[in-house]
Amino acid sequence: MAAGRGRLRPGGTAVAAALVVVLVGSALAWFISGHDQDQRHQNDSAAADVALSTLERRTQAIAQLIPGSPDGLAVLRESEVPAILSLSAKPGSAPTTLLRSAPAGVDTARILAAARTALDVSRDTGEPQAGPMTDGLVPLVAAALPDGVTAAGTDDRRRLVVGWRVALLSPKGLLASLPETKPRAGALRIDDAVIGEQRPGTQAGTVLVAGQPWTLYMARTPEPLSRGALGTLGVALLGGLACLLADVRVQRALAQERMSTAALERETRTVAELGPLLQSSLDLAEVLPAVALRLADEFELNRFSVQLVGEHGHLLDVFALGGRARDGAEEIDISPGSVDELPAGVTGCLPLLRAGRTIGRLSVSAHRPLGQPQLAALSAASDLIAVATYNVELFEREQASVRRLRELDQLKDAFLSTISHELRTPLTAISGFIRLLRDRWDQLREDQRKEFLERVHGNTLSLGLLVDDLLDFARLERQALNAPPTPMNLDQHVQKTLAQLAPVLGSREIVSELEPAAALANAGALERVLANLLTNAAKFSPADSRIEVLVRRKGDHATLEVADQGSGIAAEDRERVFARFYRGDSDAARGTRGAGIGLSVVRELVQQMGGTVKALPNTPRGTRMVVQLPLDPDAPTSQNGQPVAAERSST
Amino acid sequence: MLRALIVDDDSDMRFLVRMTIEVANHGLSVAGEAASGADALDAVAQDRPGVVVLDNRMPGMTGLETARRILADHPEQSIILFSAYLDAQTKAEASAIGVRSCMDKTDVDRLPEALWQLAAGA
């Protein structure tokens, strides 16, 4: 069959036999048609497209002679298949359509696949190529350069190629039609040369195909065809076909070898180019799609996904092209040395390793099988992706750390501002009252002096509580807060603490209902908890409103409740109020006092005593803080087993 | 007689200012007290005081916001911003709103003097 110059030499056994079968038909038809194709002076070094156009003209003439042949000759020219020639010819691209409408029994996709290798080789060598015979058709292809342009080499040609010229020859069709033709014996004319009879029934000669001179042999068909002749023809036909197939195999092997080299070169270049691509941005969402497309194009991938190890150790999809593999679908490890080949359609995985740990996984699947060279290239690509994603991770971690430090800085500023306000307010009051007493002692009545001193006392107490909070908080921070519980009468301790705290609660009415309860608690911690809850209640409720303090026994525990009639705490904030430095947005906006440390200290102290604390809404309004503490299991119970009557008092 | 409205969320501070004014006497008196900016707006509307002694850092409406609203309705109202935190920005903002003067809470003993100057100026 026609092939690239220098690839198959006239006279070669396989080639010659193939030519007997194929080109005889061509020459015969040429002769019958009477066309005298002037190809005598075709130069062997003529451009590939010129050679092929010659071939086209010849085969077209043949086609006219075999009308209606089911496997007839197909000649594809620019006007007939514009899609082929209008394709952009980037390296690695190939026409998607060879036949507008395939003849019966011809699978276009198979022909396309058969032509692909030849297309690549033709582009890289600059010579016409024949693909393997498929469905009775042999694709002849040549890369087309722009008019008047000569490529300097392979790279140049890859860059310049603008399309493909494709012819499909049907030797099978020619052979099938041979018995019905009636060639004139001994008059086969090729290149103006009349080929004399070599021996009865055989003709030989030379013809240019794709710029290459080929020797032709022709078996003259007697008329009518005898059984013996038919048999001889059949043998020749079968032998020719066998030789043609052998030739196709040789061609295929040669082409594949060339393609392998070219592909390897291309794959290496692709991987080398990934480095700069991956370093072009620290945004994975920007980089990974570009990498995926590049690799998919090179390795014919239909699936590419990158998963990274998430915060909790599970894999997170950070990018996927072509969707995820079906659950339960076969997935194989394609790390270097693991497998020889990744079959087409099967998903292969590569771990992304960096700094001695697995940081993620790359999964790929391709339309074609991937061999060792491709798997090695993909492994190199996965290393580059691992480095890039790790760098991004480091960068993001650094950014998060900077953000956290900024937040801490802001928290520190807010804390200092708040705490200084908390300290300054009572100090200002104390200082003012003392100065008034000092400067206006004589003008003040006795009750006024007493009132001033009471207020000084109350503010001093407030300051003391605040300083205690700060100290507790400091202990909590260094995990040195210690409040071991001991048996105590909870109600009595609450009663005593209420009396001590009265000066800091202003005009609020404190209503207590204290049921005797022998609980396990810590006296100092209990005092700190109650002081915090009460001052909070006073802070967030209107003047002259009521604050309830309840102690009750419930099952195996006692509850201490402090309920106010303030604005209450939003449902979403009821847990967060116990976080350190937390101050509700509304508090901050309203400028309410508080450093955001009191309730975090309360929770820690309560937990140290083996209890719990939570914030609930009060009815009809306000907040009800509920502390649960364990009852003392060794405490004596009441005589009748009934709860002891609650003490009622009003402060 | 210059009648002062005392606005502060802290009852001790209100009491201290009241006692400071009452003890100073001489042409000064307390028109009333308000524990929030909203209450202050009502009090000013109902009983036009000669001066408003206004805390800044209060729950809800701040002193500056309260002053802005008072002066929007009563541009001639005298207001002293009486705060524990008087930085340059707060003072500039107060002046831009139309607040007559600013005083640090730690100087509460000088409040009568400031009120007398205000009365003389008026």
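Two strands count as paired when DSSP finds at least two bridges between them. Keep that in mind for the sheet in chain A of this predicted model, where five strands form an open sheet in the order 11-10-14-13-12, with mixed pairing. Strand 11 (315-321) and strand 12 (331-333) of chain A sit at the edges with a single partner strand each, so one side of each has no neighbour in the sheet. From one strand to the next, the twist averages 25°.

Let's look inside that sheet. Strand 10 (residues 301-309) and strand 14 (residues 357-366) of chain A run antiparallel and are joined by seven bridges. If you want a spot to click on, take Leu308(A), whose bridge partner in strand 14 of chain A is Gly360(A).

Which helix lies across strand 10, strand 11 and strand 14 of chain A? That's helix 8 (residues 284-299) of chain A, and it runs at about 55° to strand 11 of chain A. Helix 9 (residues 372-440) of chain A packs on the sheet as well, touching strand 10, strand 13 (347-354) and strand 14 of chain A. The direction of helix 9 makes about 45° with that of strand 13 of chain A.

A couple of loops around here deserve a look at their backbone angles. Most residues other than glycine have a negative phi, and most peptide bonds are trans. Glu300(A), in the loop between helix 8 and strand 10 of chain A, has a positive phi near 55° without being a glycine. Glu300(A) counts as partly exposed because it has 14 C-beta neighbours inside 10 Å. Then there's Ala355(A), in the loop between strand 13 and strand 14 of chain A. Ala355(A) is not a glycine either, yet its phi is positive, at about 50°. Is Ala355(A) buried or exposed? With 9 C-beta neighbours inside 10 Å, Ala355(A) counts as exposed, since 12 or fewer is the cut-off for that class.

Further along chain A there's a peptide bond to note. The one from Thr619(A) to Pro620(A) is cis, with omega near 0°. You'll find Pro620(A) in the loop between strand 20 (612-617) and strand 21 (623-630) of chain A.

Now for a pair of helices. Helix 10 (residues 446-477) and helix 14 (residues 598-608) of chain A have axes that come within 9 Å and cross at roughly 60°. That angle makes helix 10 oblique to helix 14 of chain A, because roughly perpendicular starts at 65 degrees. The crossing of helix 10 and helix 14 of chain A is left-handed. On the helix 10 side, Asp469(A), Asp472(A), Phe473(A) and Leu476(A) meet Gly598(A), Ser600(A), Val601(A) and Glu604(A) in helix 14 of chain A.

What does chain A put against chain B? The contact takes 23 residues from chain A and 20 residues from chain B. On the chain A side, the elements that give two or more residues are helix 9 and helix 10. Helix 9 of chain A gives the most to that side, with 12 residues. You've met helix 9 already, as a helix that packs on the sheet of chain A.

Crossing over to chain B, you get five helices and five strands. Along the sequence, chain B follows the pattern β-α-β-α-β-α-β-α-β-α. Of the 122 residues in chain B, 43% are buried. Among contacts in chain B between residues at least 6 apart in sequence, 62% join residues at least 24 apart.

Strand 3 (residues 51-54) of chain B is a good place to zoom in. In a regular strand the side chains alternate between the two faces of the sheet. Here both faces are covered: Val51(B) and Val53(B) on one side, and Val52(B) and Leu54(B) on the other, are all buried.

Strand 3 of chain B also has partners to meet. Strand 1 (residues 2-7) of chain B runs parallel to strand 3 of chain B, and four bridges join them. Strand 4 (residues 78-83) of chain B is joined to strand 3 of chain B by four bridges too, again running parallel. Val52(B) shows up in both pairings: Leu5(B) stands opposite Val52(B), and in strand 4 of chain B the bridge partner of Val52(B) is Ile79(B). To get from strand 3 to strand 4 of chain B, the chain crosses through helix 3 (residues 63-73) of chain B, making a right-handed β-α-β crossover.

How values were computed: Residues are numbered from 1 along each chain as its sequence is written. Chains are lettered from A and ligands numbered from 1 in the order in which they are written. This is a predicted model: local features need pLDDT of at least 70, side-chain atom pairs count only at pLDDT 80 or more; totals for chains, interfaces and linings use all residues. A residue is buried if 20 or more other C-beta atoms lie within 10 Å of its own, exposed if 12 or fewer, and partly exposed in between; C-beta atoms are placed from the backbone. A crossover is right-handed if, with the strands pointing away from the viewer, the path from the first strand over the helix to the second runs clockwise. Axes are lines fitted to C-alpha atoms, for helices over the stretch in contact, and angles run from 0 to 180 degrees between N-to-C directions. Two residues are in contact if their C-beta atoms, placed from the backbone, lie within 7 Å. Angles under 35 degrees count as roughly parallel, over 145 as roughly antiparallel, 65 to 115 as roughly perpendicular and the rest as oblique. A crossing is left-handed if the near helix is turned anticlockwise from the far one by less than a right angle, and right-handed if clockwise.
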